[in-house]
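This report introduces a structure to a reader who has not met it before. The sequence and the model are shown first, and the description follows under short headings.

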Amino acid sequence: MAVKSIRSTLDMGRLHLSEAEASLGIARRLRAAVWVFDIDRARIVFANDAACQLWQADTEEDLCARDMALDMTPTVAKRLKQYQIDFSQADSIFTELWTLYPNGEPMGVMVVFRGFRLDDGRMAMQCEALSDAQDQPDNLRSAEALLHTDVMITLFSRDGPPLYLNPAARNAFPTPLNSFEALLVDPADFTQMVARMAEVGEHRLVTKTHTVAGTRWFDLSVKSCSDAVTGQPAILLTAIDVSELKEARDTARHLADRDQLTNLHNRSYLQNYLEGLERSGDTSGCTVIFFDVDRFKLINDRYGHDAGDTVLKQIAIRARAVLSPEDMLARLGGDEFVIVIEGDSSKAALELQVEKLRSAISKPIPHDKSRIDATISVGIAGYTDDSDCFSDVMRQADIALYASKQGGRNCTTFFNTQMGKAAIARDQIEVALGHAVLADEFILHYQPRLDIQSGEIVGAEGLVRWLHPERGMVMPDVFIPICEETGLIDELGRIVLEIGCTQAIEWHQAGLDLDVSLNVSPRQFSDPGFVTTLQDFAARPGFPHGRIELEITETVLIGEHNEIAEKLRAITAIGYSIAIDDFGTGYSNLSYISRFPLTCLKIDRSFIDQLPASGPIVQLILTLGQQIGARVVSEGVETQEQLDWLTDNNCKEAQGYFITRPLAVRDFERFVQAFAPSSQRGRDEYRA
Ligand code: C2E
Ligand code: MG
Ligand code: MG
């Protein structure tokens, strides 16, 4: 059939073969099957007799009328589109074994494909069957698989360009491709692969590879082989794009190893890292610097949690900036950070390093309109011969950090064995305290409060003591901080309230006219159940309303002022009064003091100790007390001179060793009787 007649049977406007007629005229006379395939329309637009025979069509017209899209898989359609692009970009020729389906029956044919420009300018495909390759079924299937797989398969000559690329490889790899080496981003990969091929004949590697879509992560397998045609040495490369997989794995690893807030490494990474060093015996000279932010809770309370986050992020950035790239920096959680230094572990070098860290962190940290000052406490411990496990060194650095906190914060402590012993003792106390709260081992001693003018004892401060079965009486300074840290303070606080309230009820029923003050720790105050506990005690028969005073410290007043004021009002409404203990040592925002329902300010012992030098401060507090309608008590009065100064300056109440040390209940009761103003003799006798 003439090309003209094809035109008559097909859409004349869309098909223009006239310019190709000459070449097709020749094709008509060839014995090999030749046909032209319009990729866009999935139609054969020209076929010589041999092609008609191959396709089992009676006439060319019949064949051209067939809709090839009907039994074409999406993969084949995609491949054909790719060919179309390849033909347009370069005068490409492909020779491939294809499976044709004339009338639905599969048939393997080796076909040469090349571009064929239709009259309307669109790129079609000229196909020439080389031979009827009705091979063994397995051969056909393998050829088909090679053609359609997404796995990129390439045969390279040993040191030169590819001898064969399957369609997937052709689509992915950049052209011109001069060698296998040119595919690899890192030249070291090539050296490694060649070396391994020389040794064992093959190698596998996940690495960065150049592709038409830029750099991608490929899983590459290479095998050394020979070209089946020439027998020359060759490399068979199988490649799979694993970029998405790798990205997902990297993200998962990143999430597992990193702290989300600061993007620093986290505790589990740090542990793996140090344990890795331990396993490889690389820990000598390795030092752990453990630091945390001083009074970080106050930063959160005062400026809000966003500010706390800003501070942590800034600390991470600033710490990183003063470290060498090989030093490891991790955030353990909260405000705790760890640096691992593997270089110079001399004390001088470490001190210099910490100094740099401090000065970087101490610069004010901007947040909103505020500038936040942060300081750090630091503990340092190194790997030594006898302590060489992660948990030991971390614990030692932690103990040293704890010592820095005890030493007043904003300082650095190097671990020593003495400290280790103290820490063990502290741990023992912690364990014993757990038993003590269950075993009624706590009592209160009472320190009287003197009305300076009348000379009467008007109150008693209950101070807790722990009667340790072996150690005897333990003072609160030893165990209160541990109770605070471990949370035992809630239970201990309840015990103190129980003893104190019971005692107050007993004294009032016995006609002793005394206020009883009880200390409340910040943590106990912030416990949501605190007010309810107080309510329970206030509901007891004989509870002396208005005569039990709770001593809180200034730190309790920091934070959300409305919330605190509300809680304090609820407490006073139940029948307790509120004193500020150790006044003048903590944070006092004077503008807020007047908004809280306070009945008493207790001037801290340190100011009384410094009298008369500290006179102006004491006078200031006395005036402040007057202004807000609160009594002022001077604590820690130890001498007659101090008491005289306070009397002269119109301070109404005093407490201290000069009057008496805290006393056990019965001693206290005897003291109060002896101290009655009418009984100067009894007082002197008692003192004697
Ligand atoms: P604080 O509430 O300021 O109690 C006063 C402390 O100063 C008492 O020490 C008392 O013995 C001591 N002191 C009194 N007068 C003088 C003096 O003239 N000179 C000197 N140098 N010291 C004097 P203590 O009993 O060892 O208590 C220490 C701290 O432990 C208390 O300070 C208080 O903060 C805390 N604490 C005591 N009992 C409790 C309690 O039941 N609960 C809570 N949360 N804390 C308590
Ligand atoms: Mg107190
Ligand atoms: Mg005090």
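## The two magnesium ions

Asp581 forms a bridge between the magnesium ion (ligand 2) and the magnesium ion (ligand 3), which are 4.0 Å apart. The magnesium ion (ligand 2) has as protein donors Glu461 (OE), Asn519 (OD1), Glu551 (OE) and Asp581 (OD), at 2.0 to 2.2 Å. Donors here are N, O and S atoms within 2.8 Å of the metal (3.2 Å for Na, K and Ca); water is not among the atoms, so sites may look incomplete. Along the chain, the donor residues of ligand 2 follow the spacing E-x57-N-x31-E-x29-D. Distant parts of the chain are linked in this way: Glu551 belongs to strand β22 (residues 548-553) and Asp581 to strand β23 (residues 576-583), 30 residues apart. Helices (H or I, at least four residues) and strands (E, at least two) are DSSP runs, numbered from the N terminus.

For the magnesium ion (ligand 3), the protein donors are Asp581 (OD), Asp582 (OD), Glu635 (OE) and Glu635 (OE), lying 2.0 to 2.7 Å from the ion. Their spacing in sequence is D-D-x52-E. Glu551 is buried, with a relative accessible area of 1%, and Asp581 is buried as well, at 8%. Asp582, at 27% relative accessibility, is partly exposed. The terms have fixed limits: buried is under 20% relative accessible area, exposed is over 50%, and partly exposed lies in between (1.4 Å probe, protein chains only).

## Basis of the model

The model is predicted: local features need pLDDT of at least 70, side-chain atom pairs count only at pLDDT 80 or more, and totals for chains, interfaces and linings use all residues. Residues are numbered from 1 along each chain as its sequence is written, chains are lettered from A and ligands numbered from 1 in the order in which they are written, and side-chain values use heavy atoms, with hydrogens and water left out.

## Nonpolar cores

The largest nonpolar core contains 79 residues, and Phe442, Leu550 and Tyr576 have the most contacts inside it. Helix α17 (residues 489-509) gives the most to this core, with eight residues. A nonpolar core is a set of buried Ala, Val, Leu, Ile, Met, Phe, Trp, Tyr and Cys residues joined through side-chain atoms within 4.5 Å. Beyond its neighbours within four places in sequence, Tyr576 is in contact with Leu534, Phe537, Ala538, Phe543, Ile548, Leu550 and Ile571. Contact means heavy atoms within 4.5 Å. Another core, of 32 residues, lies apart from the largest one and includes Ala33, Val76, Trp98 and Leu147.

## A helix pair

Helix α19 (residues 530-538) packs with helix α20 (residues 561-574) at an angle of about 5°, their axes being 10 Å apart. The two helices are therefore roughly parallel, a term for angles under 35 degrees. In this contact, Phe530, Val531, Leu534, Gln535 and Ala538 of α19 meet Lys567, Ala570, Ile571 and Ile574 of α20.

## Unusual backbone sites

Thr175 and Pro176 are joined by a cis peptide bond, with omega about -10°; Pro176 is in the loop between α7 (167-172) and α8 (187-200). A cis peptide bond also joins Leu611 and Pro612, with omega about 5°.

Although not a glycine, Ala42 has a positive phi of about 55°. Ala42 is buried, at 9% relative accessible area, and is placed in the loop between β1 (34-38) and β2 (43-47).

Definitions and conventions: Axes fitted to C-alpha atoms, helices over the stretch in contact; angles between N-to-C directions. Parallel < 35°, antiparallel > 145°, perpendicular 65-115°, else oblique.
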